[in-house]
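Please find below my notes on the aromatic contacts and the surface patches. They are set out as numbered points.

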Amino acid sequence: MTRKLAYALTIIMTIVVICGIVLGVYLLKNRDDFTKNITLGDKTVEEEIDVSLSGFYPGSSQAYSVKFGGASVEGYKVSLGFDEDGDCTLAQFIVLTITLNGEKVAEDKLDKFIGGEGCSFALSSSENGGAELKLEYSMPEDVGNEAQGTVAEFVVTVTAEVGA
């Protein structure tokens with residue numbers, strides 16, 4: 001009787017561990033992707049995206065996407081502002097690459113963008129309804145142990161003004 005109970009408990013614990021591993025892998029894969037949809041119209045649109053970067057290691061990356069939808073006969077001037085919202089010690093080790101529909105708009109260290117210069121570009125009317133802005137945060141391979149345990153918490157403000 002005791003032996004059967006021990007076997008049953010062993011099987012149950014094995015199933016729980018396997019389910020935990022599967023759930024952990026699923027959550028880690030999904031945390032790397034974030035998509036924000038912004039509908040453009042005839043007014044200025046402003047959206048904030050809270051970003052919290054942690055757990056980076058040399059060669060890793062994390063991407064955020066902003067999809068612009070809507071229709072207007074005019075173009076837009078899109079600007080990105082980066083404001084610190086907590087600890088940002090990881091920012092000095094992260095490279096931010098900004099692309100619009102696959103074309104690079106800007107690339108520099110993240111700490112240059114946070115609290116400093118933002119980024120702006122034109123979004124033409126032909127791109128409305130399908131434009132995708134991608135913010136990819138990556139850590140270069142040559143970063144050493146000095147980045148261990150650091151995080152970057154900030155807010156990205158996306159502003160789209162009519163008439164660019």
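1. Two aromatic rings of Phe, Tyr or Trp are taken as a pair if their centres lie within 6.5 Å. The model under discussion is predicted, and the points below should be read with that in mind.

2. The count of aromatic pairs comes to 4. In one of them, the ring centres of Tyr 64 and Tyr 137 lie 5.8 Å apart with the planes at 85°, so this pair is edge-to-face. The two tyrosines come from distant parts of the chain, 73 residues apart: Tyr 64 belongs to strand β3 (residues 61–70) and Tyr 137 to strand β8 (residues 131–138). Both Tyr 64 and Tyr 137 are buried.

3. A tilted pair is formed by Phe 82 and Phe 113, because their planes stand at 50° while their ring centres are 5.3 Å apart. For that label, the plane angle must be neither under 30 degrees, which would count as stacked, nor over 60. This pair also links distant parts of the chain, with Phe 82 in strand β4 (residues 76–84) and Phe 113 in helix α2 (residues 110–113), 31 residues apart.

4. Are these two phenylalanines buried or exposed? Phe 82 has a relative accessibility of 2% and therefore counts as buried. Phe 113, with a relative accessible area of 4%, is buried too. The cut-off for buried is under 20%.

5. Taken together, ring pairs join Tyr 64, Phe 82, Phe 113, Tyr 137 and Phe 154 into a cluster. Its members thus include the tyrosines of point 2 and the phenylalanines of point 3.

6. Turning to the surface, there is a patch of negative charge made up of Glu 46, Glu 48, Asp 50, Asp 83, Glu 84, Asp 85 and Asp 87. Strands β2 (45–53) and β4 each give at least two residues to this patch. The largest share, 3 residues, is that of β2.

7. Asp 85, one of the residues in the negative patch, sits in the loop between β4 and β5 (95–100). Its relative accessibility is 47%, so Asp 85 counts as partly exposed; the label exposed would need over 50%.

8. The surface also carries a nonpolar patch, of about 390 Å², formed by Leu 5, Leu 9, Ile 12 and Val 16. Of these residues, Val 16 lies in helix α1, which covers residues 2–31.

Methods:
Residues are numbered from 1 along each chain as its sequence is written. This is a predicted model: local features need pLDDT of at least 70, side-chain atom pairs count only at pLDDT 80 or more; totals for chains, interfaces and linings use all residues. Side-chain values use heavy atoms; hydrogens and water are left out. Patches are made of residues with over 30% relative accessible area and no salt bridge: like charges are joined within 9 Å, nonpolar side chains (Val, Leu, Ile, Met, Phe, Trp, Tyr) within 5 Å. Accessible areas come from the Shrake-Rupley method with a 1.4 Å probe; for residues, only the protein chains shown count as cover. A salt bridge is a side-chain nitrogen of Lys or Arg within 4 Å of a carboxyl oxygen of Asp or Glu. Helices (H or I, at least four residues) and strands (E, at least two) are DSSP runs, numbered from the N terminus. Rings of Phe, Tyr and Trp (its six-membered ring) pair if their centres lie within 6.5 Å; planes under 30 degrees apart count as stacked, over 60 as edge-to-face and the rest as tilted. Buried means under 20% relative accessible area, exposed over 50%, partly exposed in between (1.4 Å probe, protein chains only). Lys and Arg count as positive and Asp and Glu as negative; His and the chain ends are not counted. The place of a charge is taken as NZ of Lys, CZ of Arg, CG of Asp or CD of Glu.
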